[in-house]
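Q: Please take a close look at the backbone of this protein chain, and in particular at the loops where its geometry calls for comment. A connected explanation suited to a first-year student would be welcome.

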Amino acid sequence: MSKKGKPPVHVKQNKDAALKKGNSSISSALSDKLFWVLLGIAVLVFSYIRLRLSPMPLERDEGEYAYMGKIILDGFLPYKEAYNMKLPGTYFMYAFIELIFGKTFQGIHIGLWVFNLFTVALLFLSIKKLFSPLIALLTASMFGFMSVSYNFLGFAAHATHFVAFFVSLALFFFAKYSDNKKWLLSGLTGLMFGMAFLMKQQAVFFILFGGIMILIYELSEKPLKISKAILNILSYSVFVCIPYLLVVLLMVANGAFDKFWFWTYQYASKYISQVTMSTGYENLKMTFDPIWGEYKFFWIFFFLGIITVWLSRFKVQEKIFAFLFIVFAFLTTCPGFYFRQHYFISLIPAAALFSAISIDSIFYYFSLKSKVKSMQNVSILVFALIIIAALNQNSFYYFKKKPEPLCRMIYGGNPFTESLQIAKYINQNSAPTDKIAVLGSEPQIMFYANRKSATGYLYTYNMMEIHDYNKQMQHEMISEIEKEKPLYIVYCNIRFSWLGRTNSPKDIFEWSQKYTTTNYQVVGLVDIVSNTSSNYYWDADANRQPEGKEYVLVYKRKV
């Protein structure tokens, strides 16, 4: 110490340098090991919740992914054997999960939990390097809890969970790239953003975000090295295209490119153009209101961040990173203006980072004003209270209600729990080589029954939409079923399984009534009498009138 009790100049300079790097007093006071311990506590809590909910029956999107994953493991190719507008990344992720954890709905959800853990760890490591350990702790922990949230439908293994995983992996490589600007790290950042795009097309906005950030970080180098900047930008641009190009080559090599292009581009472009902006606003409001209600204080800090992030002590490029990350993450929820609950999962990493910086900045400001260093410790307490409030608000979901009745409560008359019994009957009364057809959007039935679909159409609501291909789709499905003559046909008289409109073509309904009457007999009736109760009738007992307005009929081909 100096004569007047002041610290030596070099000590003061070291402290100032630490502040410029974004290290708060709490970050310097606590060891890395303690931050990992605090993160571990958070992980244990949300892991308990996710594992408790792992026996939740699959909903129809999960059913689609699970069935696609199964046929991949059986040696078949998406778009050739089964159709949808989504890129195949999530199908291959499901195939991997089913290979490791088994072809069951619980195995799929355990696989999701494992990828969730990796996402949390990657976020922590990335944000710690880019910002500070405290902000990394808050960001990663917040993602863990929000990603299993009731209002995000977080229990279900949607594509957006895998988008978040690959985005976090991209951030991990970007954080390393920010240190030494090596072309390989720039390329790996692009490769992972390219993988995120394969999980869901909307992740294209993350590709733009990554490219802009590579450009900003290169241009901020002093002195600017033009050749190195060009190499790094080129590396990012080439690597980001590799996953999609490999898929295209796979489709061409297997004769599936025409179907692949039709579903993932031609039809997909029609799908995202059906909702008007005014309807989209209503969709956003309807979806976001409960999300706001569950994590109200989190979102208050988030919106304060619009100001506090720019006033924080971080470098300009780090502030731009946080701001652009949230802008482009929000854009991933926008295509089509559907704003479904699980779309927002890809927003959570950016929103959590934005809120974490806001919380940290506010309490850092108070610690400077009050000269109480421990003031910043309060930010961890505030974060904990936000989580406790959310868990308490929906404790029935997180801790109390069993998965199957919870599924009925969340999804109402959709036949997700009923699909288990339908599939069990079909599996027990057919051979592995027999095929089935589902008239309705319930692909989970094929997955549970472990039977191949007689048609590539896993959904029927795409043929009810108003676009140029609806009649073509109906007649193609009819043709495929007539050609394959499946042993069982499952007819879903469920509104949400068709989403028909007044001006939707009715060809498939007229055909199915004649075709099943002539060639099939009713052997199963699942009568959905309420959102919490269904009656099951099999074989001779199935010839009766249903009590409920919505029901499922199981037909068996006549001998």
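A: The following account turns from confidence in the model to three places in its loops.

The model is predicted, and the protein chain has a mean pLDDT of 92. A pLDDT of 70 or more is reached by 94% of its residues. Residues 1-29 call for caution, since their pLDDT stays under 50. For this stretch the model has 30 contacts beyond four places in sequence. Where pLDDT is low, the predicted coordinates should not be read in detail.

Consider next the loop that joins helix H10 (204-219) to helix H11 (226-253), where Pro223 is placed. The peptide bond leading from Lys222 into Pro223 is cis, and its omega lies near -5°.

Two further loops concern the angle phi. Between helix H21 (444-449) and strand E2 (452-453) lies the loop that holds Asn450. This residue is not a glycine, yet Asn450 has a positive phi of about 60°. Asn450 counts as partly exposed because its relative accessibility is 38%, which falls between the limits of 20% for buried and 50% for exposed.

Asp539 is found in the loop between strand E5 (533-538) and strand E6 (550-557). Its phi is also positive, near 55°, in a residue other than glycine. With a relative accessible area of 42%, Asp539 is therefore partly exposed.

Terms used: Residues are numbered from 1 along each chain as its sequence is written. This is a predicted model: local features need pLDDT of at least 70, side-chain atom pairs count only at pLDDT 80 or more; totals for chains, interfaces and linings use all residues. Side-chain values use heavy atoms; hydrogens and water are left out. pLDDT is the predictor's confidence in each residue, from 0 to 100. Contact means heavy atoms within 4.5 Å. Helices (H or I, at least four residues) and strands (E, at least two) are DSSP runs, numbered from the N terminus. Buried means under 20% relative accessible area, exposed over 50%, partly exposed in between (1.4 Å probe, protein chains only).
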